[in-house]
Each structure stands twice: as C-alpha cells, then as structure tokens.
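Subject: Structure for your review

Hello,

Here is the structure I said I would pass on. My notes on it follow below.

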Amino acid sequence: MSSGAFSRRTRLSSKALRLYAESGLLPPARVDPRNGYRYYGDHQVADARLIILLRGLDMPLGTIAAVLAQDPSRRADLLAAYWTSVEATRLAQRHLAAYVMSQFIEGKEKQMDVRTRECDSMTYVTERRRVRPDEIPDFIRLSCNRLAPVAEGLGGWAGPLTTIYRSPVNDDTDGVVENAIPVRGGVLPTDVSGETNVLVEPAGELAYVRITQAEVVYPQILTAYDEVYAWLSREGLTPSLPPREIYFAPFDDAHPEAEVCDVAVPFRR
C-alpha cells in the first residue's frame, strides 16, 4: 500500500513515517526508484501500531528498535526492564521535586529522623579522588571494584562500604571524595600499594539519617546532610570527622524505596 494509505491505516503521520524510515525503525517494504514513493506491506501494520504504543510510554527510538528486533516471546522482558527504569527515574524525580519544594517553604517541618550510635575504632583501605557531583556514582562503583580484592587479601570486609567527603562537592566546585572499605585492625600502609591508602579512625559517636535508594541521588541527598547538621547545631554538638555515606545494603539492585544508606557525621560532646 502507498505511504498515504499506510498512514491512514496506522494513524502515523507522514512526518512520523519519514522519521521512522530514515532511522531504520520502520523502513518501507519497497521504494519506487523512479519517483521515490514509499510502499508498505500489510505485515508492517502490527509493527507500526506497536511503535505507537511504545512511543506512548516515551520509549526512545533506539529502545523501540531493540524491542522490534527481538523474538516476540522476549519483547515483554525488554518492556519490563524499560518500565522498571522509568519508575526508578520517576521516583527519584519525585524526591527531587519534594526537595526543591522544601527550599521554597520556610519553616517546613522535615520528616527525617536523626539518630545516633556509638562506633568502634575502624581501619579502612581507601582511594581518594577529586570529583564533580555527576562523577561520584561511577567513582564509588569503580573504586569499590578496585578496593574489594585488596580488602579480601587483608582478611575480608569488616563492615559496610563508606564514602567520606573530605571537602564540599556541589554544583559550584568539585571536591575530594574518599571511598573506604573497612578491614581488620592492625593493617599498615606498607600492606597496600598504588593509589590504595590505609585510614584509621578512632571510636566515637555518629549522628545519622537513614535514606532510601532513590534519596541517595544528588541533590536530594543534601536534605539528609542538612538534617544531620541542623540536629548537631540544635544539640550543641561539634562534628569531629568529615561527613560520610555508609552503604549498609547493596545499592544497584535495591528497590528505589528500600533503605540502603546512612548519611552520617561523627561528633564529639
């Protein structure tokens, strides 16, 4: 059928048909070499209607192409994976919107619960890097991959992954971030090499807020830091060590609403 007839049957505009033809998503079954007219087959109607449905979900053209290329029995899996990603993004955006609105409303009562706990002296193997906010997730992930074998060679992990902020990291400036894996005590700097360091912190107390996977995303995570520092100020307590994020649960595979991290500040009385 002609492109006009195909357009009427599928309700795809001529502009959309040209775009999908040029991108290779829905190429014509035949193009007349004399006049360039495009013709489509009946078998392409189902694909055209599927494209309309997937575009209704804001699926990118590249992802739609991957769905169409799959065996029909696998298409549901790709759609499920895409929609899981969309929901995670929407949840993160919802938390971001709440964070932005909280900046507009003076005196708004926050809902985060600041708690405290005592911590033993801890030895870490660490890596330091100067990073921007958008570089933090990759640095944490890649640094952890490098540090994990070092920790295993020193007897294994002795606690959760900890990311320490040595200087502010925000939209205006990059800063020094130290990624740290706890190991057994007694490890010396001579036990490691390369960019790996050994850090020993004294016993003390932590003030912390527990947050979900979605709330870890910058900049809404700043709300948790604001809450902890505001609580310390109200209580007349002084931070004793740099702020940190303590990842007590796997992050990448967690549900967006699952608690995965403590935003914490060591303090002294």
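Please keep in mind that this is a predicted model.

Surface patch. Four residues, Leu96, Val100, Met101 and Phe104, make up a nonpolar patch on the surface, and their accessible area together is about 380 Å². Leu96 belongs to helix α5, which covers residues 72–104. With a relative accessible area of 31%, Leu96 is classed as partly exposed, because that class lies between under 20% for buried and over 50% for exposed.

Strand β5. This strand spans residues 161–165, and 5 of its 5 residues are buried, so β5 is largely enclosed by the rest of the structure. Leu161, Thr163 and Tyr165 point one way from the strand, while Thr162 and Ile164 point the other way. β5 has antiparallel pairings with two strands that I looked at. With β10 there are 4 bridges, and Leu161 sits opposite Tyr247 there. With β6 (residues 175–183) there are also 4 bridges, and Ile164 has Glu178 as its bridge partner.

Arg244. This residue is in strand β10, residues 244–247. Its relative accessibility is 3%, so Arg244 counts as buried. The side chain of Arg244 makes a polar contact of 2.9 Å with the side chain of Glu201. Leaving aside residues up to four places away in sequence, Arg244 touches a number of others, among them Thr162, Thr163, Ile164 and Tyr165 of β5. Its contacts also include Tyr124, Tyr225 and Asp262.

Regards

Key:
Residues numbered from 1 in each chain as written. Predicted model: local features only at pLDDT ≥ 70, side-chain atom pairs only at ≥ 80, totals over all residues. Heavy atoms only, no water. Patch = residues over 30% accessible without salt bridge, like charges linked within 9 Å, V, L, I, M, F, W, Y side chains within 5 Å. Areas by Shrake-Rupley, 256 points an atom, 1.4 Å probe, with all protein chains shown as cover. Salt bridge = Lys/Arg side-chain N within 4 Å of Asp/Glu carboxyl O. Buried < 20%, exposed > 50% of the residue type's maximum accessible area, 1.4 Å probe, protein only. Polar contact = N/O pair within 3.5 Å; in protein donor to acceptor, adjacent residues only side chain to side chain. Contact = heavy atoms within 4.5 Å. Pairing = 2+ DSSP bridges.
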